[in-house]
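Open the structure in your viewer and keep the selection tool at hand. The tour below goes stop by stop, saying what to select and what is found there.

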Amino acid sequence: MKRLYGFIALAAVLLAACSGNNKKSDAYGTFESTEVTISSESAGKLIFFNIDEGQELKKGDTIALIDTIQLALKRDALIAQKKAASNKADYITSQIKVLEEQKKNSLVEKDRIEKLYIDGAATSQQLDNINGVIAVYDKQISSIETQHAPVLNEVDAYNKQIAQLNDQIKRSYIINPEDGTVLTKYSEANEVVVQGKALYKIADLRNIYLRVYVSGAQLSQIKLGQKVKILVDKNEKENKEYEGTIGWISSSAEFTPKIIQTKEERVNLVYAVKVKVKNDGTLKIGMPGEVLF
């Protein structure tokens, strides 16, 4: 009788094992997201930095400000220098206009003398004199114009330096680039940061990815845009189901990651696949999941 009970128990175990194999998922993996690390684009003291880990941010939110006093003072000095150079350029321009007006009057006088000369009422000396006056005006205008060009170049250089400082001041405001949740905060207000210093890491957790690995034989079962079933542990006995969409399939094979299943299976060549899943707030980065194709 004991042997009979033992046989029945063994059969039950085998039946359960077979039943479990029938429900075996097609692939396994962990959830991940596209993480973005936001860094400082300028150096200085963090005047304010008003975020916390786990906080949801909107695209365009002003997150932090790096001290801009020195940049603003340099800009004000350049603006003053530009104004002085502009005044000098305006003075030179006015001189050129005066000389051009005098030359214009001399040309009128030359035209009158030429007519008198034709009629015999003016001498050749008078005509030579007025031509000489016009030539002097031309030389004076040319000389002043050579002074004008460097001053205009100086004004243009100031404009570019001011634009550069304005850009640096603008970059001192840390603007959040996309909607998402703060994963990690690397700095605090009143700390001094350098250019390129990481300030915080953000990720959009509303849509995350389950990265799984499939064998070459399974590739024929999947395609981009395909709807699949995602399973995550609800409790010890039940799973929670989600709908996923295959968003990326690796074009090259790789060895199965060490975290996946047994040592024998880890030496097999597999293809990485990303399945996009809409998060209801319960899915977390690093959580295990399964896929049914």
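How many residues does the largest nonpolar core have, and which of them have the most contacts inside it? The model on screen is a predicted one. Select Phe 31, Ile 230, Val 275 and Val 291: these have the most contacts inside the largest nonpolar core, which has 17 residues. Now colour the elements that give two or more residues to this core, namely β1 (27-32), β10 (207-215), β11 (227-233), β12 (239-249) and β14 (269-278). β10 supplies the largest share, 4 residues. Another core, of 14 residues, lies apart from this one; Leu 46, Val 182, Val 193 and Leu 199 are among its members.

**The whole protein**

Zoom out before going on. The protein has 293 residues, and 28% of them are buried. Its secondary structure comes to 4 helices and 15 strands. Taking the contacts with a separation of 6 or more, 74% are between residues 24 or more positions apart. With a surface display on, you are looking at an accessible surface of about 18900 Å², and carbon and sulfur atoms account for 53% of that area.

**Met 287, beside Phe 31**

Go back to Phe 31 and add Met 287, which lies in the loop between β14 and β15 (288-292). How far apart are Met 287 and Phe 31 in sequence and in space? They are 256 residues apart in sequence, while their C-alpha atoms are 5.5 Å apart. Leaving out residues up to four places away in sequence, Met 287 touches Gly 29, Thr 30, Phe 31 and Thr 282. The relative accessible area of Met 287 is 24%, so this residue is partly exposed.

**The sheet with β5**

Next, select the open sheet of 4 strands that has the order β6-β5-β3-β8, with antiparallel pairing. Its edge strands are β6 and β8 (192-193), and each of these pairs on one side only. Strands of a sheet pair through backbone hydrogen bonds, so showing those bonds helps at this stop.

Start with the pairing of β3 and β5, which run antiparallel and are joined by 3 bridges. Leu 46 stands opposite Ile 66 in β5, and Phe 49 stands opposite Ala 64 in β5. Then turn to the other neighbour: β5 is joined to strand β6 (residues 173-175) by 3 bridges, and these two also run antiparallel. Here Leu 65 faces Tyr 173 in β6. Why is β5 described as largely enclosed by the rest of the structure? Because 4 of its 5 residues are buried.

**Thr 68, just past β5**

Follow the chain from β5 (62-66) into the loop that leads to α2 (69-118), and select Thr 68 there. Is Thr 68 buried or exposed? Its relative accessibility is 18%, so Thr 68 counts as buried. Apart from neighbours within four places in sequence, Thr 68 is in contact with Ile 169 and Ser 172.

**The sheet with β9**

Now select a second group of strands: an open sheet of 4 strands in the order β2-β9-β7-β4, with antiparallel pairing. β2 (35-39) and β4 (56-57) are at its edges; each has a single partner strand, so one side of each is left without a neighbour in the sheet. β2 and β9 run antiparallel and are joined by 5 bridges. Within this pairing, Ile 38 stands opposite Tyr 200 in β9.

**Rings and charges**

Keep Tyr 200 selected and add Phe 49. How many aromatic pairs does a search of the whole structure find? The search finds 1. The ring centres of Phe 49 and Tyr 200 are 6.3 Å apart and the ring planes are at 45 degrees, so the pair is tilted. Phe 49 lies in strand β3 (residues 44-49) and Tyr 200 in strand β9 (residues 198-203), so the pair ties together parts that are 151 residues apart in sequence. Both Phe 49 and Tyr 200 are buried.

Add Lys 185 to the view: its charged end sits over the ring of Phe 49, 4.9 Å from the ring centre. For the last stop, select Lys 274 and Trp 248. The charged end of Lys 274 sits over the ring of Trp 248, at 5.9 Å from its centre.

Terms used:
Residues numbered from 1 in each chain as written. Predicted model: local features only at pLDDT ≥ 70, side-chain atom pairs only at ≥ 80, totals over all residues. Heavy atoms only, no water. Core = buried A, V, L, I, M, F, W, Y, C linked by side-chain atoms within 4.5 Å. Buried < 20%, exposed > 50% of the residue type's maximum accessible area, 1.4 Å probe, protein only. Phe/Tyr/Trp six-rings, centres within 6.5 Å; stacked < 30°, edge-to-face > 60°. Lys NZ or Arg CZ within 6 Å of the ring centre and 35° of its normal. Contact = heavy atoms within 4.5 Å. Pairing = 2+ DSSP bridges. Areas by Shrake-Rupley, 256 points an atom, 1.4 Å probe, with all protein chains shown as cover.
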